[in-house]
Amino acid sequence: MTDILIIGGGVAGLSAAARLSALGHVTVIERERSFGYHASGRSAALYEKSYGKPSTVALSHDSEDFFLTNARGVLSPRGLLLLGGPDDDAAFEADTKTMQLAEITLDDATAMFPILNHETVTRAAHHADAWDIDTDRLLNIFLQTLRNNRGVAHGNCSPTLINRTRDGWSVQTTTQGIIGAKLLVNAAGAWADEVAQMARVAPLGFIPKRRSMGRIPAPGDHDVSSWPMVFGVGESWYAKPDAGALIVSPADEDPSEPMDAFADDMVLAEGMARYEHHVTEPVTRMLSNWAGLRTFSPDGNLVLGPDPTDPAFVWSAGQGGYGFQTAPAASALLADLVAGRQPEMDAEVVAQLTPDRYRT
């Protein structure tokens, strides 16, 4: 028997586990052998506070103090560079305003990103306030907090049957037998609606969307370690240094069934072509490629807190690719809502995040 059972061992589940472990005994179950395997293990891992919907931006801003105080060493400087061509002025100016970037000269942009193609790129904008996230380190911080509070986390463990009981929940699992719990937290990512249906709670209509990545050798044998993350306007592609190489994504958002996702060769090729259009070094080979599922709620905002139809069923889902950068504040809000505390976050933002908005 546990007080709180969390289904899902990605960043949503482990951050929730860390916060909720102050309220009672917490158990996490994860279907894969390792934690953070699916979307969490395939993230671009950037902390950019002005990126996303207003509620996401609010969570990202409120996460900053945790990153700077409780999770020292998780963030490292990266910076963000936006590139636009001659036909991109409207989209370039919209992105610059949304992400609070400062337009810079092409010479300054080339100093940061030496392979910039001056024949196709006509405008550039930048800011330094974007950071790499050491995702493994952050997940381990959450895991350690859980374990320090005597909680437990089981990999290679899936729910097979979920029953509502008088006192909470009875969950049959593949490797840990039956686990009883007072509260059930659904942090199952792309499988969040499936878990809800198992628990006989109405699904919310989550949409998993594939995001593909390819790793290429450092272009022109450059040292890419200090290069910024580079975006095409409208997030039509992006590139980011990664372990001495460069990862390039077409920034695809193709709806998918919940699965262990893989990259689509044609989509990846199209993304590489968009990237190549902006640079002077062609892509000659690919070191590896992969894909992850970024799961969105119908309105694109995260879903956090007890379901009003059954408050013993709690949602931590719909991170939509923003899981790591919002995790500290999202999990704190979740804990406040579970504990019945008044959240510090603005009430209008909270209303955009709770599942109540889907149950009226």
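Colleague: Which residue in β12 is the bridge partner of L5?
Modeller: In this predicted model, L5 has L184 as its bridge partner in β12.

Colleague: How many bridges join β1 to β12, and which way do the two strands run?
Modeller: There are 5 bridges between β1 and β12, the latter covering residues 178-186, and the two strands run parallel.

Colleague: What about β1 and β2?
Modeller: Strand β2, residues 26-29, is joined to β1 by 4 bridges, and these strands also run parallel. Within that pairing, I4 stands opposite V26 in β2.

Colleague: Is β1 enclosed by the rest of the structure or open, and why?
Modeller: Strand β1 spans residues 2-7, and 5 of its 6 residues are buried, so the strand is largely enclosed by the rest of the structure.

Colleague: Which helix makes a β-α-β unit with β1 and β2?
Modeller: That is helix α1, residues 11-20; together with β1 and β2 it makes a β-α-β unit that is right-handed.

Colleague: How do α1 and α5 pack?
Modeller: Two packed helices are described by the angle between their axes and the distance between the axes. For α1 and α5, the latter being residues 135-148, the angle is about 40° and the axes are 8 Å apart. The crossing of α1 past α5 is left-handed.

Colleague: Which residues meet there?
Modeller: From α1 the residues are V11, L14, S15, A17 and A18. They meet L139, F142, L143, T145 and L146 of α5.

Colleague: Changing topic, how many residues are in the largest nonpolar core?
Modeller: The largest nonpolar core has 74 residues. Those with the most contacts inside it are I6, L20, L138, W169, L184 and W315. A second core, separate from that one, has 22 residues, including F113, A124, V224 and W237. In soluble globular proteins, nonpolar side chains tend to be buried together.

Colleague: W169 is in β11, so where do the side chains of that strand point?
Modeller: Along β11, residues 169-173, the side chains alternate. W169, V171 and T173 point to one face and are buried, whereas S170 and Q172 point to the other face and are not buried.

Colleague: How does β11 pair with β10?
Modeller: Strand β10, residues 159-164, pairs with β11 over 5 bridges in the antiparallel sense. L161 has Q172 as its bridge partner in β11. The hairpin of β10 and β11 has 4 residues between the strands, and G168 takes a positive phi near 155°.

Colleague: And what joins β11 to β12?
Modeller: Those strands run antiparallel and are joined by 4 bridges, with V171 standing opposite I179 in β12. They form a hairpin with 4 residues between them, and G177 in the turn has a positive phi of about 70°.

Colleague: What is the strand order in the open sheet of 3 strands?
Modeller: The order is β3-β8-β4, and the pairing is antiparallel. The edge strands are β3 (46-47) and β4 (75-77), each of which pairs on one side only. Strand β3 is joined to β8, residues 131-133, by 2 bridges, and Y47 stands opposite W131 in β8.

Colleague: One last residue: where is D336, and is D336 buried or exposed?
Modeller: D336 lies in helix α8, residues 323-339. Its relative accessibility is 15%, so D336 counts as buried, the cut-off being under 20%.

Colleague: What is D336 in contact with, leaving aside its neighbours within four places in sequence?
Modeller: With those neighbours left aside, D336 is in contact with R341, P343 and E344.

How values were computed: Residues are numbered from 1 along each chain as its sequence is written. This is a predicted model: local features need pLDDT of at least 70, side-chain atom pairs count only at pLDDT 80 or more; totals for chains, interfaces and linings use all residues. Side-chain values use heavy atoms; hydrogens and water are left out. A nonpolar core is a set of buried Ala, Val, Leu, Ile, Met, Phe, Trp, Tyr and Cys residues joined through side-chain atoms within 4.5 Å. Buried means under 20% relative accessible area, exposed over 50%, partly exposed in between (1.4 Å probe, protein chains only). Two strands pair if DSSP finds at least two bridges between them. A crossover is right-handed if, with the strands pointing away from the viewer, the path from the first strand over the helix to the second runs clockwise. Axes are lines fitted to C-alpha atoms, for helices over the stretch in contact, and angles run from 0 to 180 degrees between N-to-C directions. A crossing is left-handed if the near helix is turned anticlockwise from the far one by less than a right angle, and right-handed if clockwise. Contact means heavy atoms within 4.5 Å.
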